[in-house]
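Thank you all for coming; I would like to walk you through one structure this morning, going from the overall picture to a few helices and single residues. Please have the sequence and the model open as I speak.

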Amino acid sequence: MEFVCQYDVREILGQGSFSEVKKCIDKRTRQAFAVKERVYNTDEQKERIETEIQILQEMSHHNILKLHHAYPAFDRYYLVMELACGGELFEDLVSRNAFSESTAREVMLQLFSGVQYIHSLRIVHRNIRPEKLILGWKSVENNSHFPPLKLSGFGLAKKLPDNLDLISCPIEGSPLYLAPETITKQPIGREVDIWACAVIFYTLLAGYPPFWSTNRTELFGLIARGKYSLPDQEWKSISDGAKRLIKSMFMVDRNERATATELVKDPWTQNRKLSTAHRKGTLDHLNAFNAKRKLRGAVYTIFALKRMMENPEPLTNGI
């Protein structure tokens, strides 16, 4: 098999519902990569993996995790990816001794830039959430720059046809990050990614998500109405620019939602003089949310696999 002949496989880096990621070393160059093993059991699953590969091959951007090569095998594909050693974004943030609105701006600028790029190619990610945001390396205290952020996980991504900006899709993705048009089963477009980015943006500044309920029906009701709040305890020290930007991203009417290009160019995103004051309360909240997210995510993986077998409208793991 070509992949095994060319690479030495090392330790596991991560594991999701439907794939496992390991470190691998090119035997010839000794360069390190990450390999994602995607197994399929049906022609439909094979087609989805091949669609993901086609989308990954089209992209080349510093905020997108790069595919170097895809190797077909008997019942699987080996996707050799760029190795990003920094781990998940939220894991890195909760390990820091300080976090500020200025740091949040650095994170969101990179995410907005990556989303702007994929949208320019008519690609909709459809599953942007914290687990899909990987850092090039771990952050270093007192370093003036945040590590490179890489958007990954294009397994649910769709390429919009040249003549259509909206397509019909099943309800897939992590519930907390779904847009109103997704849960109400309307056609979707690039705007669903903006909504997911808004959830991450809000969580970065507050330390907890804007929409929350352990009951999925209640959660979807909150999302469908765009019902969130900005409590003074967390938000009185946040700039008006950040609040305005969040509002522009949380428009229930997708036609009124900000675009990725507008987000990149926004005065808040371009402001290098935002507050650097440590947001201890936010970091404490984020630590608690991250622990809950990982625990529920492990349980949800089992739930997602069961739904995949029983229901044509699955939800992937993650909270």
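Let me begin with naming, since everything later leans on it: helices (H or I, at least four residues) and strands (E, at least two) are DSSP runs, numbered from the N terminus. With that convention in place, Lys-185 lies in the loop between H5 and H6. This is a predicted model, so local features need pLDDT of at least 70 and side-chain atom pairs count only at pLDDT 80 or more, while totals for chains, interfaces and linings use all residues. Residues are numbered from 1 along each chain as its sequence is written, and side-chain values use heavy atoms, with hydrogens and water left out.

To stay with Lys-185 for a moment, the residue has a positive phi of about 60° although it is not a glycine. I will call a residue buried under 20% relative accessible area, exposed over 50% and partly exposed in between, computed with a 1.4 Å probe on protein chains only. At 57% relative accessibility, Lys-185 therefore counts as exposed. There is a second non-glycine residue to set beside it, namely Arg-122, whose phi is positive at about 65°, and which is placed in the loop between H4 and strand E7, residues 123–124. Arg-122, however, counts as buried, with 16% relative accessibility.

Now the chain as a whole. It contains 12 helices and 10 strands, and of its 319 residues 53% are buried. Taking contact to mean heavy atoms within 4.5 Å, residues 24 or more positions apart account for 66% of the contacts with a separation of 6 or more.

The part I would like to dwell on is helix H6, and I will take its partners in turn. For the geometry, axes are lines fitted to C-alpha atoms, for helices over the stretch in contact, and angles run from 0 to 180 degrees between N-to-C directions. Helix H4, residues 101–120, packs with H6 at an angle of about 170°, the axes being 10 Å apart. That makes H4 roughly antiparallel to H6, in a scheme where angles under 35 degrees count as roughly parallel, over 145 as roughly antiparallel, 65 to 115 as roughly perpendicular and the rest as oblique. By class, this contact of H4 with H6 has 13 nonpolar, 1 polar and 2 charged residues, where Ala, Val, Leu, Ile, Met, Phe, Trp, Tyr, Cys and Pro count as nonpolar, Asp, Glu, Lys and Arg as charged, and the others, Gly among them, as polar.

Which residue of H4 joins its side chain to that of Asp-193? The residue is His-119, through a polar contact of 2.9 Å, a polar contact being a pair of N or O atoms within 3.5 Å, of which, within protein, one must be able to donate a hydrogen and the other to accept it, and for which residues adjacent in sequence count only if both atoms are side-chain atoms. His-119 is found in helix H4 and is buried, with a relative accessible area of 7%. Leaving aside neighbours within four places in sequence, His-119 is in contact with Arg-190, Asp-193, Ile-194 and Ala-260.

On to the next partner: the axes of H6, residues 191–206, and H9, residues 240–249, come within 9 Å and cross at roughly 150°. That makes H6 roughly antiparallel to H9. On the H6 side, the residues that meet H9 include Trp-195, Ala-198 and Tyr-202, and on the H9 side Leu-245 and Met-249 are among those involved. By class, the contact of H6 with H9 has 11 nonpolar, no polar and no charged residues.

Helix H7, residues 216–225, comes last among the helices. Its buried residues are Leu-219, Phe-220, Gly-221, Leu-222 and Ile-223, and these pack against helix H5, residues 180–183, and H6. At the start of H7, a side-chain oxygen of Asn-215 reaches to within 2.9 Å of the backbone nitrogen of Thr-217. Arg-225, also found in helix H7, counts as exposed at 53% relative accessibility, and H7 is followed by Gly-226, whose phi is positive, near 60°.

Finally, a strand: Ser-19 is placed in strand E2, residues 19–26, and touches Lys-36, Glu-37 and Arg-38, not counting residues up to four places away in sequence.
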